[in-house]
Amino acid sequence: GGNLDFTSLLQRLVKGRALRHAVAFAVAPEGEERRRFEDRLRQASIHVQWKVKQVFDDGTIKADWDVGLAVAAMQWAGRAETMIIASGDGDFLPLISALEKQGTQVEVAGWPGRIHRAWSERANQLTLLDAQDLIR
């Protein structure tokens, strides 16, 4: 129902702690819309990593960042006290254990109804996004 206010959302998630690094993993073709989206993220001090959709000969499309996010998270494991993952995808649940074994706590943010139910049991903190996180 609107666009995220990335600056406000980061402030809400970080809660006064020092933000060392923020990354968005995005999928979009090059163009004006992508540039505007990237500008909004950069204004919020979020680095963007882009991927272009892969279209296979059989017509299937692949454009997920699961492995990319997990690799980036593990590169910070043990160096970051806390990592916040903004995704409700249950595929990331094993990442929590891997990060915790390295001494990094995991917090999760996502939209109600779009978060795997186990996140609330496994993450150190669960933040549900709502209308306050949208641009007014």
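1. In what order do the three strands of the open sheet come, and is their pairing parallel or antiparallel? In this predicted model, the order is 5-6-7 and the pairing is parallel. Strand 5 (82-86) and strand 7 (125-128) sit at the edges, each with pairing on one side only. On average, neighbouring strands are turned by 20° against each other, if you ignore direction.

2. Start with the pairing of strand 5 and strand 6. These two run parallel, and five bridges join them, with strand 6 covering residues 105-110. If you want residues to click on, Met83 stands opposite Val106 of strand 6, and Ala86 has Ala109 of strand 6 opposite it.

3. Helix 1 (residues 6-14) packs on this sheet and touches strand 5, strand 6 and strand 7. The direction of helix 1 makes about 150° with that of strand 7.

4. On to strand 6 itself: five of its six residues are buried, so call it mostly covered, with buried meaning under 20% relative accessible area. As for how the chain gets there, it leaves strand 5, passes through helix 4 (residues 93-101) and arrives at strand 6. That β-α-β crossover is right-handed.

5. Last, the other side of the pairing. Four bridges link strand 6 with strand 7, again in the parallel sense. For a spot to check by eye, look at Gly110, whose bridge partner in strand 7 is Leu128.

Technical notes: Residues numbered from 1 in each chain as written. Predicted model: local features only at pLDDT ≥ 70, side-chain atom pairs only at ≥ 80, totals over all residues. Heavy atoms only, no water. Pairing = 2+ DSSP bridges. Axes fitted to C-alpha atoms, helices over the stretch in contact; angles between N-to-C directions. Contact = heavy atoms within 4.5 Å. Buried < 20%, exposed > 50% of the residue type's maximum accessible area, 1.4 Å probe, protein only. Right-handed = clockwise from strand over helix to strand, strands pointing away.
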